[in-house]
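Biologist: Hi! Could you pull up the model so we can go through it together?

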Amino acid sequence: MSLSEIQTRLTAAEVASGRVPGSVQLIAVSKVQPLERVVAVLAAGHRLFGENYVQEAQAKWPDLRARFGAVQVHMIGPLQTNKAKVAVELFDAIHTVDRLSLAEKLAKLAQGRGACPQLFVQVNTGAEPQKAGILPGDTDGFVTTCRAMDLPLAGLMCIPPEGEDAAPHFAMLAQMAARNGLTGLSMGMSSDFEAAIAHGATHVRVGSAIFGARDYG
Ligand SMILES: *Cc1c(COP(=O)(O)O)cnc(C)c1O
């Protein structure tokens with residue numbers, strides 16, 4: 001697979017779903033990838049990336065931004081509250097607002113800086129005990145709470161349970177976003193981004209299909 005193949009499939013999925021071509025943002029998930037693969041995707045002109053770890057992103061992106069100019073980097077991994085300060089300075093968006101304590105910390109930082117990255121609330125659509133995210137039944141209330149803190153909510157994000165059909169989870173997330181007046185939908189990965197686009201994804205997070213398998217060794 002390659003960036004251009006994924007872009008071709010993404011455009012086809014947009015057209016097939018009656019979406020405006022170019023309306024879905026492709027987040028190239030570069031966590032744990034060798035630097036030369038990331039540089040190759042930058043050299044091909046791509047300018048939107050996703051990272052899971054604050055420290056890894058901090059080591060990588062200041063240099064790459066200096067070399068390649070304006071690059072958007074989105075945080076898509078779990079965010080510890082004690083890393084929130086670094087995160088709001090490094091990232092253009094945070095997709096993993098998954099608890100009240102983090103929302104409160106982000107609100108405090110936003111007040112101090114007068115700026116805040118775009119935020120997505122992570123919803124645990126499968127109500128999996130080991131997974132981060134706001135439970136579906138608590139999501140409307142959590143969105144209201146975030147808005148009361150003046151947090152700039154862009155939308156909702158989910159990671160469907162492994163080994164299950166993702167479509168019902170994408171549909172649920174789309175419904176929850178719509179009834180809360182949120183337009184952003186961060187959903188879909190290498191194996192299911194086309195289904196996510198059919199259900200209204202605005203941001204798909206694609207890693208291994210662009211860069212190849214991750215080697216955590
Ligand atoms: C790693 C990761 C991705 C990308 O996964 P692939 O299967 O490699 O496309 C997407 N979203 C999140 C939250 C991730 O942690």
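**Charges, a helix and a loop**

Modeller: Let's start with E128, which is buried at a relative accessible area of 14%. Here buried means under 20% relative accessible area, exposed over 50% and partly exposed in between, with a 1.4 Å probe and protein chains only.

Biologist: Before we go on, what sort of model is this, and what are the ground rules?

Modeller: This is a predicted model, where local features need pLDDT of at least 70 and side-chain atom pairs count only at pLDDT 80 or more, while totals for chains, interfaces and linings use all residues. Residues are numbered from 1 along each chain as its sequence is written, and side-chain values use heavy atoms, with hydrogens and water left out.

Biologist: Good. Which side chain does E128 meet in a salt bridge?

Modeller: K131, at 2.8 Å from N to O. A salt bridge here is a side-chain nitrogen of Lys or Arg within 4 Å of a carboxyl oxygen of Asp or Glu.

Biologist: And which residues do shared salt-bridge partners join into one network?

Modeller: E51, E56 and K60. Between K60 and E51, the closest N and O atoms are 2.7 Å apart.

Biologist: Are K60 and E51 buried or exposed?

Modeller: K60 is buried at 10% relative accessibility, and E51 is buried as well, at 0%.

Biologist: How many salt bridges does the structure hold?

Modeller: Eight. One of them pairs E89 with K85, with 3.6 Å between the closest N and O atoms. Both sit in helix α4 (residues 84–90), four residues apart, or about one turn of the helix. Helices (H or I, at least four residues) and strands (E, at least two) are DSSP runs, numbered from the N terminus. K85 is partly exposed at 47%.

Biologist: While we're in α4, what does A84 touch?

Modeller: Beyond its neighbours within four places in sequence, A84 contacts L79, L102, K105, L106 and L109, where contact means heavy atoms within 4.5 Å. A84 is buried, at 0% relative accessibility. L109 is 25 residues from A84 in sequence, with 8.3 Å between their C-alpha atoms.

Biologist: Switching to α1, which of its residues are buried?

Modeller: L3, I6, L10, A13 and E14. Those buried residues fall within an arc of 100° seen down the axis, so they line one face of the helix; the arc is that of the directions from the helix axis to the C-beta atoms. On the other side, T8, V15 and A16 are exposed.

Biologist: What does the buried set pack against?

Modeller: β1 (25–29), α2 (35–43), α8 (193–198), β8 (203–206) and α9 (208–211).

Biologist: And just past the helix, what phi does G18 take?

Modeller: A positive one, about 70°. Next to look at is R19, in the loop between α1 and β1.

Biologist: Which side chain of opposite charge is nearest to R19?

Modeller: E14, but it is 6.6 Å away, and R19 is buried with no salt bridge. For charge, Lys and Arg count as positive and Asp and Glu as negative; His and the chain ends are not counted.

Biologist: Then which backbone oxygens does the R19 side chain reach?

Modeller: That of I197 at 2.9 Å and that of A201 at 2.8 Å.

How values were computed
A polar contact is a pair of N or O atoms within 3.5 Å; within protein, one must be able to donate a hydrogen and the other to accept it, and residues adjacent in sequence count only if both atoms are side-chain atoms.
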